[in-house]
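Thanks for coming, everyone. I would like to take the next few minutes to walk through one model, so please have a look at the display before I go on.

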Amino acid sequence: MKILKYMLIFIPISFIAKFINASPSIMFVLAALSIIPLAGLMGEGTEEISFYSGPKIGGFLNGTFGNATELIISFFALKQGLFEVVKSSIAGAVIGNILLVLGASMLAGGLKHKTQTFNKKIVDVSSSMLLFAVIGLCIPALFTHTVSPDLLNTRYEGLSIVVAIIMLIIYILSLVFSFYTHKDLYTFNSEENTTAKWSLNKAIAVLIVSTILIAIESEFLVSGIESITKSLGLSEFFVGIILIPIIGNAAEHSTSVVMAMKNKMDVALEIAIGSSLQIILFVAPILIFISLIFTPMSIIFNEFELIALIVAVLIANRVSSDGESNWLEGVQLLAVYFIIAASFFIL
Amino acid sequence: MKILKYMLIFIPISFIAKFINASPSIMFVLAALSIIPLAGLMGEGTEEISFYSGPKIGGFLNGTFGNATELIISFFALKQGLFEVVKSSIAGAVIGNILLVLGASMLAGGLKHKTQTFNKKIVDVSSSMLLFAVIGLCIPALFTHTVSPDLLNTRYEGLSIVVAIIMLIIYILSLVFSFYTHKDLYTFNSEENTTAKWSLNKAIAVLIVSTILIAIESEFLVSGIESITKSLGLSEFFVGIILIPIIGNAAEHSTSVVMAMKNKMDVALEIAIGSSLQIILFVAPILIFISLIFTPMSIIFNEFELIALIVAVLIANRVSSDGESNWLEGVQLLAVYFIIAASFFIL
Amino acid sequence: MKILKYMLIFIPISFIAKFINASPSIMFVLAALSIIPLAGLMGEGTEEISFYSGPKIGGFLNGTFGNATELIISFFALKQGLFEVVKSSIAGAVIGNILLVLGASMLAGGLKHKTQTFNKKIVDVSSSMLLFAVIGLCIPALFTHTVSPDLLNTRYEGLSIVVAIIMLIIYILSLVFSFYTHKDLYTFNSEENTTAKWSLNKAIAVLIVSTILIAIESEFLVSGIESITKSLGLSEFFVGIILIPIIGNAAEHSTSVVMAMKNKMDVALEIAIGSSLQIILFVAPILIFISLIFTPMSIIFNEFELIALIVAVLIANRVSSDGESNWLEGVQLLAVYFIIAASFFIL
């Protein structure tokens with residue numbers, strides 16, 4: 001992960017570029033390149049803090065800060081009213097995690113280890129939670145798309161808030177489940193990294209600085225979306241579903257691939273599925289609540305996002321059901337991702 | 001189940017109310033409150049008779065009378081031409097069983113017992129039967145909704161009758177499967193309740209009287225649907241998909257929860273999935289045949305019902321696939337149910 | 001399989017009929033009856049050659065020639081611009097394999113053997129490949145059907161070629177998987193038939209002659225499609241999705257049923273799922289490439305085909321997930337097939 005550290009150079013470059021009034025498209029690219037290592041740094045800071053806070057608060061911090069980058073980017077996108085970008089980035093984070101990250105991990109791990117196994121029991125709990133969560137999140141949209149538009153009035157916001165509250169309650173209950181009532185299920189990766197590399201003060205300082213910098217770069221990024229979509233002929237939708245999830249999760253993704261190569265598929269799967277769960281149960285509802293400050297955003301995904309979400313969740317459930325993975329499974333997940341990306345790009 | 005007995009008081013109240021010409025909305029509420037204990041009584045009567053008839057005929061009686069209440073209510077709804085109510089109550093019975101009953105059972109059972117296990121083999125047979133049955137039942141509707149309406153003529157009835165016949169054949173074959181060719185699979189709950197509480201005569205009398213009373217109350221109920229939907233601003237659809245299944249199955253539901261709390265998840269799952277199967281393979285085709293007496297009803301579900309059915313069946317298959325349940329799984333099933341109900345209510 | 005040999009008599013009959021200028025409908029029927037035994041002969045020839053070529057090349061030959069009949073029929077259909085027939089025959093081959101062949105095999109096998117088991121591990125690999133492959137193949141169509149038509153321009157061909165290339169790459173990689181990196185998984189049916197019945201020369205001659213005859217008969221068949229659809233009031237779609245897959249695969253189907261009756265469900269499942277995989281990963285992309293010679297065909301399936309494909313793949317995954325089968329499961333697969341066929345016929 002040395003390369004991530006070197007990428008921090010893009011932060012000062014982006015500030016200079018802002019100072020000399022570079023075009024929004026250039027700012028978009030520089031901000032993207034800056035956010036990637038910053039998200040990694042924030043993740044490291046959170047992990048270090050959790051050594052001092054003990055596993056329970058640490059797990060909660062990891063869960064909550066794990067998607068902070070996406071939350072911050074989406075916050076600025078909401079502020080600018082880019083609802084399409086925000087909603088597609090939720091769906092994009094899920095397919096990115098399940099298809100791109102898990103696919104790459106299974107491929108990289110499978111090339112080194114013939115057949116990789118993982119703890120089916122834990123993954124089963126996560127993947128069925130993901131199924132229920134995605135179904136819950138998608139039902140309002142599924143119903144909406146089957147009603148002729150003129151029969152509908154603007155009661156979406158109410159329904160969106162109800163769904164958001166239910167999702168948050170389940171998120172909190174799932175923390176109760178994994179840290180209290182069923183904590184013995186989740187002991188698989190506790191042996192490693194038992195000592196902190198950093199002092200608590202350093203960890204907190206890194207977390208604070210990286211959060212501030214991500215916020216600034218996210219504003220650069222979001223301001224550049226309109227310009228980059230025009231100059232490259234992309235849709236806002238493509239930016240949301242493909243580019244933003246990759247930018248926000250690149251650091252986490254590389255961790256997953258490294259873990260898979262070390263034959264720790266449990267961790268790789270937990271990153272991919274757990275991260276998707278947090279997006280749906282935590283990030284999505286928080287964004288709906290935040291949107292009430294600006295303009296209320298509905299939870300109504302468009303058909304593309306629905307298909308992408310449902311495909312991702314079906315595949316996650318299938319993949320987890322046999323407790324094994326190999327390189328060909330990885331290739332197939334990547335193939336589905338590329339076909340989705342190509343369809344979005346072309347259509 | 002003491003409370004169910006006390007609810008029988010609503011039967012004389014409903015008769016008095018009818019006598020003094022109470023409004024249809026009040027009749028709807030009183031009939032609903034009367035049907036709940038009557039359905040429980042009918043179930044008890046059937047079970048008692050099965051002690052005298054032996055397991056095979058008993059199993060058949062249980063299967064067939066288990067949904068008698070729904071059949072009777074639907075009969076009067078069909079007579080009044082309330083097709084929407086009838087069809088949505090079929091879908092509603094399935095989601096009620098899989099999401100509400102099973103969710104409540106898993107939650108109640110899971111709060112008492114950390115992890116509950118069940119016989120994956122039997123549940124697998126039932127849940128894959130449910131998948132095939134729902135797919136078969138939904139295919140005509142799935143095809144219909146994708147054809148532009150003007151290309152379609154009125155050949156639905158023919159197709160509906162074909163599907164109904166196939167469903168009934170599978171129902172009969174499934175009885176052959178469970179009572180003859182593979183009866184050894186189904187021995188899990190035979191040890192308990194080996195003696196009858198009632199005499200055969202009493203059991204038959206209870207069955208006959210409760211059936212007659214349910215028929216009368218069902219007519220009160222159905223006559224009140226139009227009035228209650230208007231006065232409460234509900235759609236007929238909401239009444240069919242949420243209210244009627246709860247009224248018809250409340251007694252059975254409470255049995256399932258009690259069984260789960262006794263750590264008999266096999267029985268709870270068999271009630272939820274088995275009852276859904278009977279709705280699709282037995283009640284739905286019988287209603288199509290009955291409708292031929294009045295106006296032929298097609299098997300074409302609307303998109304809401306399709307989504308609800310498919311969601312329920314996917315979740316049933318997921319839940320049954322690991323042979324275990326816990327309270328969080330129960331919460332998630334209930335959450336999906338509430339999101340569906342809220343969507344129906346709001347949209 | 002004696003009856004297949006006797007059916008070869010239809011080859012000279014069809015030539016005589018052509019000579020005396022029989023009507024295209026009669027030619028369709030005679031060609032269909034000739035192709036059935038020829039496809040069986042071609043399969044036998046390929047198997048014999050594989051005894052001389054060793055298992056690796058043999059496996060490749062079997063995989064590639066296994067669907068040669070469908071490829072040849074589709075080639076002539078493409079030449080005549082019958083895109084609907086070609087695309088629906090791809091979907092039809094998959095549902096034919098999964099529902100009709102597997103259903104018949106499970107029923108026939110299950111009537112002789114109470115519960116049949118199969119190697120869940122191998123079938124799991126195939127059935128999850130099938131899930132990924134079908135999702136990949138369907139995504140362009142799923143996205144297209146949710147976009148309003150006027151927003152779309154004619155960039156389908158580009159997307160279709162991208163998907164076709166990805167599918168072919170996965171096909172080649174799956175051969176690498178099963179013949180190199182994970183060949184030890186696939187050793188289940190290597191003990192039997194270790195000696196060739198025919199000389200290598202005879203096997204090659206049979207293969208060449210049957211290929212030529214299939215090509216000629218396919219031209220007769222395709223030329224008769226228009227006439228037979230008119231005279232019997234069928235749609236081209238029905239011919240493609242129901243009739244052509246049965247004609248092209250009848251020989252293979254009977255092998256599957258025979259294997260199931262011998263309690264070799266592994267082989268029966270491998271035929272059904274493996275053959276479906278070859279259709280999607282090999283036949284479909286090759287047809288897209290061939291269509292570039294005539295008029296480019298898009299990969300955009302219609303809604304019926306999508307539903308049929310998705311239903312088939314869900315059922316294949318469900319069926320394979322428990323490692324067991326029985327007669328009732330077979331009946332249910334057949335029931336779904338008949339409901340699909342009846343819906344296509346009536347709608």
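Helix 7 of chain C bends by about 40° at C:Cys138, and a proline, C:Pro140, follows within four residues; the bend at a residue is here the angle between axes fitted to the seven residues ending there and the seven starting there. I should say at once that this is a predicted model, in which local features need pLDDT of at least 70 and side-chain atom pairs count only at pLDDT 80 or more, while totals for chains, interfaces and linings use all residues. Residues are numbered from 1 along each chain as its sequence is written, and chains are lettered from A and ligands numbered from 1 in the order in which they are written. Helices (H or I, at least four residues) and strands (E, at least two) are DSSP runs, numbered from the N terminus.

Staying with that helix, which covers residues 120-146 of chain C, its 27 residues reach 36 Å from the first C-alpha to the last, close to the 39 Å expected at 1.5 Å a residue, where the expected span is 1.5 Å times one less than the number of residues. Because 21 of the 27 residues are buried, helix 7 of chain C is largely enclosed by the rest of the structure. By buried I mean that 20 or more other C-beta atoms lie within 10 Å of the residue's own, with exposed meaning 12 or fewer and partly exposed in between, the C-beta atoms being placed from the backbone.

A second kink, also of about 40°, is found in helix 9 of chain B, residues 200-232, where the centre is B:Ile225. After helix 9 of chain B comes B:Gly233, with a positive phi near 70°.

Let me turn to the overall build of one chain, chain A, whose secondary structure comes to 13 helices and 2 strands. Its radius of gyration is 20 Å, close to the 20 Å that the globule rule gives for 347 residues, so chain A is as compact as a globular protein of that length; the radius is taken over C-alpha atoms, and the rule is 2.2 Å times the number of residues to the power 0.38. Along the principal axes, the C-alpha atoms of chain A fill a box of roughly 55 × 50 × 35 Å, and 56% of the 347 residues count as buried. Among contacts in chain A between residues at least 6 apart in sequence, 86% join residues at least 24 apart, a contact being a pair of residues whose C-beta atoms, placed from the backbone, lie within 7 Å.

One residue of chain A serves as an example: A:Ala93 sits in helix 6, residues 83-112, and is buried, with 28 other C-beta atoms within 10 Å. Leaving aside residues up to four places away in sequence, A:Ala93 touches A:Glu70, A:Pro245, A:Asn249 and A:Ile279.

How, then, are the copies related? A rotation of 120° with 0.0 Å of shift along its axis superposes chain B on chain C, with an RMSD of 0.0 Å, and the two copies are thus related as by a three-fold rotation axis. The superposition is by least squares on the C-alpha atoms of residues with pLDDT of at least 70 in both copies. B:Ser321 comes closest to this axis among the residues of chain B, at 5.0 Å for its C-alpha. The copies use different surfaces, in that 4% of the contact residues of chain B recur in chain C.

Which elements carry the contact between chains B and C, to which chain B gives 26 residues and chain C gives 22? On the side of chain B, the elements that give two or more residues are helix 7 (120-146) and helix 8 (156-181), and helix 7 gives the most, with 12 residues. That side has 16 nonpolar, 8 polar and 2 charged residues, where Ala, Val, Leu, Ile, Met, Phe, Trp, Tyr, Cys and Pro count as nonpolar, Asp, Glu, Lys and Arg as charged, and the others, Gly among them, as polar.

The contact between chains A and C takes 22 residues from chain A and 26 residues from chain C. Here the elements of chain A that give two or more residues are helix 12 (303-320) and helix 13 (327-346), with helix 13 giving the most, at 12 residues. The residues on this side of chain A divide into 14 nonpolar, 4 polar and 4 charged.

Note on methods
Contact = placed C-beta atoms within 7 Å.
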